[in-house]
Amino acid sequence: MSLFQDLVIAYRILAEHGIIDAYGHISVRSPTNPAHFWMARSVAPELVTEADMMEFNMDSEALDPQGRSPVIERFIHSEVYKSRPEVMAVVHNHSPSVIPFCCTNTPLRPIFHMSAFIGLGVPNWEIREAQEDSDMLVRSAYLGESLAKKLSHHPAALMRGHGAVVVGESLAVAVGRSVYLEQNARMQFQAEMLAGPSGSITFMDDKEVAANVVWQEYGRFWNLVRNKMLKKLEAEKAA
Ligand code: MN
């Protein structure tokens with residue numbers, strides 16, 4: 001298995017789970033140079049191949065572009081890698097169930113044990129605090145830095161009216177957290193509807209969160225979805 005193959009698989013898994021659609025991206029820090037990272041050129045995630053992978057430095061400059069267009073919002077990735085040395089993978093998505101939680105005063109909270117990391121805090125980034133009249137996109141290192149500051153040491157941050165940034169110490173963790181962030185948002189919305197305005201919801205408490213996050217590397221999840229996707233890619237190649 002190669003780094004690029006795993007990165008292609010990560011793009012495809014996120015697309016299959018509805019976490020990214022025509023937009024959204026995932027990157028991985030270079031295993032040989034921690035000041036560089038890899039991500040696909042500007043193309044819909046389901047169409048990504050290994051030939052689309054581009055290497056960037058911490059200023060989001062492509063090292064060998066070969067005429068390929070980089071994604072505009074690559075600054076999300078470079079600024080997070082700069083400020084979080086332990087982070088090895090970064091996802092930026094427009095996860096649909098998550099959006100309502102970034103434009104209301106209802107905070108996302110851990111309702112489901114596989115999403116325990118939410119209990120570590122998921123701050124909400126308001127782009128207007130950095131730039132008025134933006135087009136909502138993280139088009140500059142300045143905006144990327146503002147987002148990375150809001151993310152701080154947390155596993156994810158919401159982006160008001162836009163989506164989320166999700167980080168991990170591995171591809172498996174960044175992908176797993178992205179999938180379970182979406183699931184938690186959907187379940188929390190369902191619980192709010194079931195409970196009604198006067199009902200109450202029991203969320204995970206801090207001790208339960210602490211007891212879960214220590215083992216949540218999403219290894220079994222990654223192994224399953226990766227194997228399924230490998231078979232699918234092989235079938236596509238053979239067709
Ligand atoms: Mn975006």
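The following paragraphs go through this predicted model from its overall fold to its metal site and two further elements.

The protein contains seven helices and seven strands. Along the sequence these elements come in the order α-β-β-β-α-β-α-β-α-β-β-α-α-α. The pattern thus opens with a helix followed by three strands and closes with two strands followed by three helices.

The overall dimensions come next. The C-alpha trace spans about 60 × 45 × 30 Å along its principal axes. For 239 residues, a compact globule would be expected to have a radius of gyration near 18 Å, and the value for the protein, 18 Å, agrees with this. Of the 239 residues, 51% are buried. Contacts also reach across the sequence: of those between residues at least 6 apart, 66% join residues at least 24 apart.

At the surface, the protein exposes about 11600 Å², of which carbon and sulfur atoms supply 54%. The charged side chains number 22 positive and 28 negative, and the centres of these two sets are 3 Å apart.

The model holds a manganese ion. Its coordinating atoms are OE of Glu73 and NE2 of His92, His94 and His162, at 2.1 to 2.2 Å. The spacing of these donor residues in sequence is E-x18-H-x1-H-x67-H. Glu73 sits in the loop between strand S3 (53-57) and helix H2 (74-83), while His94 sits in the loop between strand S4 (89-93) and helix H3 (99-102), so this pair ties together parts that are 21 residues apart in sequence. The two donors differ in their cover. Glu73 has a relative accessibility of 6% and, because buried means under 20%, counts as buried. His94 has a relative accessible area of 26% and is therefore partly exposed.

Helix H2 spans residues 74-83. Eight of its 10 residues are buried, so H2 is largely enclosed by the rest of the structure. The buried residues of H2 are Arg74, Phe75, Ile76, His77, Ser78, Glu79, Val80 and Tyr81. An α-helix has 3.6 residues a turn, so residues three or four places apart point the same way. In H2 the buried positions instead form an unbroken run from Arg74 to Tyr81.

The last stop is helix H6, residues 206-213, which includes Ala211. Ala211 has a relative accessible area of 48%, which makes this residue partly exposed. Ala211 and Ala116 are separated by 95 residues in sequence, yet their C-alpha atoms are 8.9 Å apart in space.

Notes
Residues are numbered from 1 along each chain as its sequence is written. This is a predicted model: local features need pLDDT of at least 70, side-chain atom pairs count only at pLDDT 80 or more; totals for chains, interfaces and linings use all residues. Side-chain values use heavy atoms; hydrogens and water are left out. Helices (H or I, at least four residues) and strands (E, at least two) are DSSP runs, numbered from the N terminus. The radius of gyration is taken over C-alpha atoms; the globule rule is 2.2 Å times the number of residues to the power 0.38. Buried means under 20% relative accessible area, exposed over 50%, partly exposed in between (1.4 Å probe, protein chains only). Contact means heavy atoms within 4.5 Å. Accessible areas come from the Shrake-Rupley method with a 1.4 Å probe; for residues, only the protein chains shown count as cover. Lys and Arg count as positive and Asp and Glu as negative; His and the chain ends are not counted. The place of a charge is taken as NZ of Lys, CZ of Arg, CG of Asp or CD of Glu. Donors are N, O and S atoms within 2.8 Å of the metal (3.2 Å for Na, K and Ca); water is not among the atoms, so sites may look incomplete.
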